[in-house]
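I am opening a notebook on a structure that is new to me. The entries below keep to what I looked up, in the order in which I looked.

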Amino acid sequence: MKRWIAALLALCMLFALAACAKTNENEPAPVPDDAAPTAAPEQVAEPELTEVPAEPVEPEPVGPEIFMFTDSVGREVELPMNIERVAISGPLAQIVVFALCPEKLVGIASKWDKTAEQFLATEYYNLPELGQLYGGKGELNLETLLASGAQVVIDVGEPKGTIAEDLDALSEQTGIPFVHITATISTMGDAYRKLGELLNMPDEAEVLASYCDAAYAKALAAVNGSEKAKLLYITGDQGLNVIAKDSYHAEIIDLLSDNLAVVDSPSSKGTGNEVDMEQILLWNPDVILFAPGSIYATVGDDPLWSEITAIKTGNYYEVPMGPYNWMGFPPSVQRILGMLWMAKLLYPDAADYDLYAEVAEYFRLFYHCELSEDAYNALVANSIGVKEALAPAA
């Protein structure tokens with residue numbers, strides 16, 4: 001038994017010695033007493049870590065924001081959300097759009113009338129000419145249009161039969177979106193609201209729309225309940241053209257008077273339909289409105305014209321002009337002025353508003369200028385009041 005115990009103790013001592021030897025292999029060798037002392041390794045401080053905020057990551061550009069706009073003839077057009085450069089298709093659109101955003105216009109369809117110089121700021125008066133889409137004196141200048149940087153081309157007015165096809169073709173040809181906004185004298189307020197939607201200017205457009213709606217209502221109230229005046233609107237340097245009933249240019253005339261100019265095929269042109277003196281004598285109107293540049297100044301001394309009731313009684317007038325003909329040509333928003341003037345002229349008792357105040361407000365809103373009373377009086381010099389009746393022919 002003692003032998004087994006002694007053998008077991010010996011075995012344990014062998015395992016202990018082996019473990020110590022393995023441990024000593026990892027320890028550094030002892031340094032002799034005469035060895036030169038070595039410097040202790042320098043302790044390097046661990047750097048303090050501070051949290052650095054991450055740099056914001058810029059999103060990848062995705063192009064300008066766009067939206068789908070449905071124009072007045074049902075065309076869906078893709079447009080930039082914020083339009084800053086606008087072109088127009090013709091003089092009618094020029095007058096309408098100028099009122100809302102003159103600073104956005106990249107050009108004009110045709111030169112303003114010379115009378116505009118006294119009302120418009122120089123930077124607007126001298127914009128480059130783009131030409132026009134339909135009719136007029138010059139076709140749309142695509143080269144000038146492309147160089148303008150326009151983001152959209154706006155057409156305003158009466159839609160032609162091929163308007164959708166025409167605008168689609170031009171959009172494809174130029175790469176510039178074309179849109180149409182229908183505007184008549186009765187829907188001019190809604191036309192401005194549509195423009196406000198297009199140009200992201202709803203508040204500014206509503207100011208103009210509300211003025212148009214209110215002016216239309218005032219003129220209409222003046223004629224409602226009144227016997228309509230039997231009237232002719234005469235144009236041309238010979239005085240032998242009339243604005244025919246049911247034509248686009250006759251909207252105001254038909255609304256506020258009994259337009260005697262009934263013809264087989266009303267012209268869509270601002271010059272109207274050509275007739276002869278015999279026909280004018282047969283119509284024998286009680287009131288005649290002469291377009292600017294017609295024969296207003298000479299009819300009072302003409303024996304033939306003096307046979308007409310309107311001339312005999314002095315009830316003939318020249319339509320105010322400046323910066324455009326107030327009754328049209330082009331038949332744009334300035335016809336609001338023509339409505340207010342014509343209603344006041346024909347139905348002065350029913351039209352209980354101050355015409356100067358109305359005209360001055362229009363000039364402020366739509367032409368962006370102040371109209372003095374002297375300037376107003378010059379504009380309506382041949383347009384207000386009843387002249388002294390001519391003596392009956394012997």
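**Entry 1. Salt bridges around helix H6**

Before looking for charged pairs I fixed my criterion: I call it a salt bridge when a side-chain nitrogen of Lys or Arg lies within 4 Å of a carboxyl oxygen of Asp or Glu. I also note at the outset that this is a predicted model. By that criterion I find eleven salt bridges in the structure.

I began with aspartate 190, which forms a salt bridge with arginine 193, their closest N and O atoms being 3.1 Å apart. The two are three residues apart in helix H6, which spans residues 188–198, and so they are separated by about one helical turn.

Which other residue does the side chain of arginine 193 meet in a salt bridge? I found aspartate 213, at 2.8 Å from N to O. Aspartate 213 lies in helix H7 (residues 202–223) while arginine 193 lies in helix H6, so this pair ties together parts that are 20 residues apart in sequence. I then looked up how accessible the partners are: arginine 193 is partly exposed, with a relative accessible area of 30%, and aspartate 213 is partly exposed as well, with 32%. Taking a wider view, I see that Asp190, Arg193, Glu206 and Asp213 are linked in a network of salt bridges.

Helix H6 also holds the pair of glutamate 197 and lysine 194, whose side chains meet in a salt bridge at 3.9 Å from N to O. These two residues lie three apart in H6, about one turn of the helix. Glutamate 197 is partly exposed at a relative accessible area of 44%, and lysine 194 counts as partly exposed at 22%.

**Entry 2. The two sides of helix H5**

I next checked the length of helix H5, which has twelve residues (163–174): at 1.5 Å a residue the helix should span 16 Å, and its end C-alpha atoms are indeed 16 Å apart, which agrees.

Which residues of H5 are buried? I list Ile163, Leu167, Leu170, Ser171 and Thr174. They cover an arc of only 100° around the axis, which means that they sit on the same side of H5. On the other side of the helix I find Glu165, Glu172 and Gln173, which are exposed.

I then asked what covers the buried residues of H5, and the answer includes helix H4 (142–147), strand S4 (152–157) and strand S5 (178–182). After the end of H5 comes glycine 175, whose phi is positive, near 80°.

**Entry 3. Aromatic rings**

Turning to the rings, I count 16 aromatic pairs in the structure. In one of them, the rings of tyrosine 356 and tyrosine 376 have their centres 5.2 Å apart and their planes at 55°, so I record the pair as tilted. This pair links distant parts of the chain, since tyrosine 356 belongs to helix H13 (residues 355–366) and tyrosine 376 to helix H14 (residues 373–379), 20 residues apart. Tyrosine 356 is partly exposed, with a relative accessible area of 22%, whereas tyrosine 376 is buried, with 9%.

A stacked pair is formed by tyrosine 362 and phenylalanine 366, with 4.3 Å from centre to centre and 5° between the planes. Being four residues apart in helix H13, tyrosine 362 and phenylalanine 366 are separated by about one helical turn, and both are buried. I also find them in one aromatic cluster, which is formed by Phe119, Tyr192, Tyr211, Tyr362, Phe363, Phe366 and Tyr367.

Two charged side chains caught my attention over rings. Arginine 335 lies over the face of tyrosine 248, at 5.3 Å from the ring centre, and lysine 344 lies over the face of tyrosine 353, at 5.4 Å from the ring centre.

**Entry 4. The chain as a whole**

I closed with the totals. The secondary structure of the protein chain comes to 14 helices and eleven strands, and 45% of its 394 residues count as buried. How many of the contacts between residues at least 6 apart in sequence join residues at least 24 apart? For the protein chain I noted 64%.

Notes:
Residues numbered from 1 in each chain as written. Predicted model: local features only at pLDDT ≥ 70, side-chain atom pairs only at ≥ 80, totals over all residues. Heavy atoms only, no water. Expected span 1.5 Å × (residues − 1). Buried < 20%, exposed > 50% of the residue type's maximum accessible area, 1.4 Å probe, protein only. Arc of directions from axis to C-beta. Contact = heavy atoms within 4.5 Å. Phe/Tyr/Trp six-rings, centres within 6.5 Å; stacked < 30°, edge-to-face > 60°. Lys NZ or Arg CZ within 6 Å of the ring centre and 35° of its normal.
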